[in-house]
Structure formats: structure tokens, C-alpha cells
Amino acid sequence: MLLEPTPDQDFFRDTTARFLQERTPVAVLRGLRDDSAGFDPGFWRAGAELGWTSLLVDEAHGGGSISDSGLIDLTLIAYEFGRHAAPGPLVPTNVVAALLGRHSHHHDTLAGLLDGSVTAAWCSAEPRPEARAATAPLTITVDGDDVIVHGTKRPVEAAGTAELLLVTGRTGDGLSHVLVPRDTPGVTVTAMRSVDLTRRYAKVEFDRVRLPASALLGAAGDGSADDEYARHLAIVLGCAETVGALQTAFDTTVAWAFDRYSFGRALASYQAIKHRFADMKMWLEACHAISDTAAAAVAADTPDAARLSSAAKAYIGDHAADLMQECVQFHGGIGLTFEHDLHLYTRRVAANRSTYGTPAEHRRALADAVISAAATSKESAQ
């Protein structure tokens, strides 16, 4: 990740790396395959003590960062999560904590998230167009002193274990965010299958769930800025995690190519193989660079943050798939087996690729932004 991390950032990342190596080795990850939660609550609380959940929250509210940018610090943790294919609701819990920290009347709720005793899920994704005919789009309506949440969100990461659900839905032409305890009457969580061994997703249905208006984050219909902020956070954290998984997969494959002999020579000594490794290395370094650039833009809230986060998601999503395919091919038949560790990272990359927008959707967003900018420039010139 960062070319020049501070000594504190290096120590923070190394501490997390050693913790993950000790607490979630491959044998533990394989054992979580059939675990309904996908992670151990004790592991998550210990991680919270290391600072995993506090980086996007101000010190005044119990948080704090290692450097001047909590988001950059958190991408270092996300990177290590990818490198170790680690379990736990890192992205959703931090996104929810960041949004709660922006609204003073929800600061009391932060304590459980920060100490790891409570986890959260962000219910933002709507069913895809082919599934929408059978599900209701989610709406949040104001009824006197109450709000009513009705509709479906899917897929929602960590919804089955989260005590808190932050729900994003339509209120007229605007967006609203409502904090919903998972055990509220009318909330139904149905587990979905996931390609990732430890990451769990669910469909969450809200059947006219009634809550006090205090459950809203901000004013009803005025949540577009919060939604954009949360989405950018989720994208850059997911990108950092994917890059970490790619780094481990690449390093593993290079080591394999030097150990594997064919016709009396190391596989890595063949020029055709070297060319393919050169391509993979170029993709990997570009993924590092664009992930860091997008994170820095979102952290600084620059005008091009949306464009750069979409560019990172599109580039990494496409080239991560290519790089993982090459890694699997280099390993030959063993690369396709459950017994080899490579599939852990292949699964993590595949899950991240479609979360918070596919590469095609982000390329479309980039194209729309270019067209809009060109139209604005033309109008200004006239």
C-alpha cells in the first residue's frame, strides 16, 4: 500500500498482520466454512481493542486515528484483511460508525461499535433489476412522530450477526437513513449463499417497520451526502482489501514458480512465464497506486473523489480477476482444489468485485461524469 507510511502506521499495520496470522491462520479460516457467523465474536472484540473500529470516529466521541487521516489508516487494516483473507465485518461496521459519528444524537450508540461488543450492517444494496419484480423497493416514510421502513435490501453483508442495521431508502425524491435494531418486529433476515468462506450476506426484509423519528440520521429525504460519503468509504476499503488479497496470491504464485521444476528447470526461468509475471506485476502495482490515490481523495474530500473511487473500483475489479486467473493457471490442477490456499484469496476477490457496484457499473458512472462535464463546459463556453 503506502509507499512512505509513517513509523506509527507501519507499527499499526504490522501489529494487525501479526494478530491476524496468530488468530486466523488458514486452518481456522477453513473451520469457519460452515459457521453461521463467519467469525468469532471474541476475535472481533480483540481487534476492536487494536483500533479497527475507531479510526473514522472523532476523538471527542471515543474514536481516534494513528495519523492525520483515519481513512488512510483504516485502508492499511483492510489491506491486511485481504492479505490474510480475514473474517469479520470490517467495512460495514466502520461505515456505520462513520455515519453515526456525523450525527450528534446517535453518538451514544457508538460505544458498542467502538469496543467491539456490537457490530453493524449497512443495508444499502437494492435487488438487481431482474429480481425487482418480486421484491418491493425500500421506502422510508414519515408518519407523524414515527418513520416507517418498508421493502427489501440484498445482499447485505453481516446482517445475520449485526445488532444494528443502518438502512438507506427513498423518501420522496431524496434519501433517508434509519438506524434499526435487528430484533425489531417486522425485520426478517434470510441468509444467502456466499462464495467467500467467512463473509456472510443476507436478504433483509422490512415489513412496515415502525420506529421513532429519532432513529433517522439527519432529516428525512436529506441523506444524499451521507450516502455518497458512505459509498466512497466502502469502495476504497474494499479496493484496499482486494489489493491485499492480490498481493498474497501473487507472492504465493511467484514462490511456486521458483519451486516448481519442469524439464529440469524452474518454471520461473522460462521467458514466456516471465512475460506473464511482468504483466501481473504491472497490474498489481497499478492496483496499489489507484487504490491509494482513491483513498487519499476520499479522505481529503477532493472534487474528484467520486471519479477516482469509481476508477479504482473499475480497474481493480477487472484486473484483479485477470491476475487471479493467471495465478490459478500457473498452479495447474492444484490451483483448482479446495486443499490449496489460493482459493481463499480468489473467493475474497470475487466477492469484493461485485460489492458496491460492478466494474461495468463504475465505468458507466465514469462515462456519465465525463459527458456531464463536457456538457457543462460547452454551456459555459456559449
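This is a short tour of one predicted model, moving from the whole chain to two pairs of packed helices and one buried residue.

Residues are numbered from 1 along each chain as its sequence is written, and because the model is predicted, local features need pLDDT of at least 70 and side-chain atom pairs count only at pLDDT 80 or more, while totals for chains, interfaces and linings use all residues. Side-chain values use heavy atoms, with hydrogens and water left out.

**The whole protein**

Begin with the whole protein in cartoon view, where there are 12 helices and 9 strands (DSSP runs numbered from the N terminus, helices being H or I of at least four residues and strands E of at least two). The C-alpha atoms fill a box of roughly 80 × 60 × 45 Å along the principal axes. Buried residues, meaning those under 20% relative accessible area with a 1.4 Å probe and protein chains only, make up 52% of the 382 residues.

**Helices α8 and α9**

Next select residues 224-259, which form helix α8, together with residues 271-300, which form helix α9; the two pack at an angle of about 155 degrees with their axes 9 Å apart (axes are lines fitted to C-alpha atoms over the stretch in contact, and angles run from 0 to 180 degrees between N-to-C directions). The two helices are therefore roughly antiparallel to each other, a term for angles over 145 degrees. Showing side chains brings up the contact (heavy atoms within 4.5 Å), to which α8 contributes residues including Leu233, Val236 and Phe250, and α9 residues including Phe277, Met280 and Leu284. The residues of this contact divide into 16 nonpolar, 5 polar and 1 charged, where Ala, Val, Leu, Ile, Met, Phe, Trp, Tyr, Cys and Pro count as nonpolar, Asp, Glu, Lys and Arg as charged, and the others, Gly among them, as polar.

**Helices α10 and α11**

Now select residues 305-331 for helix α10 and residues 342-354 for helix α11, which pack at an angle of about 160 degrees with their axes 10 Å apart; that makes α10 roughly antiparallel to α11. Among the residues in contact are Lys313, Asp318 and Met324 of α10, and Tyr345, Val349 and Asn352 of α11. This contact divides into 8 nonpolar, 5 polar and 3 charged residues.

**Asn352**

Finish by centring the view on Asn352, found in helix α11 and buried, with a relative accessible area of 8%. Leaving aside residues up to four places away in sequence, Asn352 touches Arg199, Gly238, Glu241, Thr242 and Lys313.

Technical notes
Angles under 35 degrees count as roughly parallel, over 145 as roughly antiparallel, 65 to 115 as roughly perpendicular and the rest as oblique. Buried means under 20% relative accessible area, exposed over 50%, partly exposed in between (1.4 Å probe, protein chains only).
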